[in-house]
Amino acid sequence: MAKWTAKHEAPEPLEGPVVATVTGGTILWFALFLVQLPFYGWFADRGQLWWVWTCAAGGFLGLIGIWYVRGREAALKRHAAAAEQAGPPQQEGRA
């Protein structure tokens, strides 16, 4: 059996509004948690409390995600600014 090798290069990763996407998802998790709170007893009676706590965990993990992607976005901007300020890379001539 021959080893599989790719026939073309992998595409560049997609960049988009990452901070907005993570923030929107976090808001959605917290909203779902708040909507389920009035039905806490109903979920408890049926042994389905994990639904409520999954939404709470999603919201809190989303807060960590927001912190992470904001830092990543700032680092990418700093790197782009430093690269722009340095100018194009200079090649050394060989004698």
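Colleague: How accessible is L76, buried or exposed or in between?
Modeller: In this predicted model, L76 is partly exposed, because its relative accessible area comes to 41%, a value that lies between the 20% limit for buried and the 50% limit for exposed.

Colleague: Where does L76 sit, and how far is it from K3 in space?
Modeller: L76 is located in helix α3, and its C-alpha is 36 Å from that of K3, with the two positions 73 residues apart in sequence terms.

Colleague: Staying with α3, what about A56, buried or exposed?
Modeller: A56, which also belongs to helix α3, a helix that covers residues 49-86, has a relative accessible area of 6% and is therefore buried.

Colleague: And how far apart are A56 and F33?
Modeller: Although A56 and F33 are 23 residues apart in sequence, their C-alpha atoms are 5.7 Å apart in space.

Colleague: Which residues make up the largest nonpolar core?
Modeller: That core has five residues in all, namely F33, F43, V52, C55 and A56, and helix α3 gives the most to it, with three residues.

Colleague: What does F33 touch, leaving out residues up to four places away in sequence?
Modeller: With those sequence neighbours set aside, F33 is in contact with V52, W53, C55 and A56.

Colleague: W53 caught my eye there; is it buried or exposed, or partly so?
Modeller: W53, again a residue of helix α3, is partly exposed, since its relative accessible area is 45%.

Colleague: Which nonpolar patch on the surface does W53 belong to?
Modeller: W53 forms a nonpolar surface patch with L34, L37 and Y40, and together these residues have about 400 Å² of accessible area.

Colleague: Changing topic, how many salt bridges turn up in the whole structure?
Modeller: Searching the whole structure gives one salt bridge, in which the side chains of R72 and E15 meet at 3.1 Å, taken from N to O. This pair links distant parts of the chain, given that R72 lies in helix α3 while E15 lies in the segment before α1 (18-36), 57 residues apart.

Colleague: How do the two partners compare for exposure, starting with R72 and then E15?
Modeller: R72 counts as partly exposed because its relative accessibility is 31%, whereas E15, with a relative accessible area of 52%, is exposed, the cut-off for that class being over 50%.

Methods: Residues are numbered from 1 along each chain as its sequence is written. This is a predicted model: local features need pLDDT of at least 70, side-chain atom pairs count only at pLDDT 80 or more; totals for chains, interfaces and linings use all residues. Side-chain values use heavy atoms; hydrogens and water are left out. Helices (H or I, at least four residues) and strands (E, at least two) are DSSP runs, numbered from the N terminus. Buried means under 20% relative accessible area, exposed over 50%, partly exposed in between (1.4 Å probe, protein chains only). Patches are made of residues with over 30% relative accessible area and no salt bridge: like charges are joined within 9 Å, nonpolar side chains (Val, Leu, Ile, Met, Phe, Trp, Tyr) within 5 Å. Accessible areas come from the Shrake-Rupley method with a 1.4 Å probe; for residues, only the protein chains shown count as cover. A salt bridge is a side-chain nitrogen of Lys or Arg within 4 Å of a carboxyl oxygen of Asp or Glu. A nonpolar core is a set of buried Ala, Val, Leu, Ile, Met, Phe, Trp, Tyr and Cys residues joined through side-chain atoms within 4.5 Å. Contact means heavy atoms within 4.5 Å.
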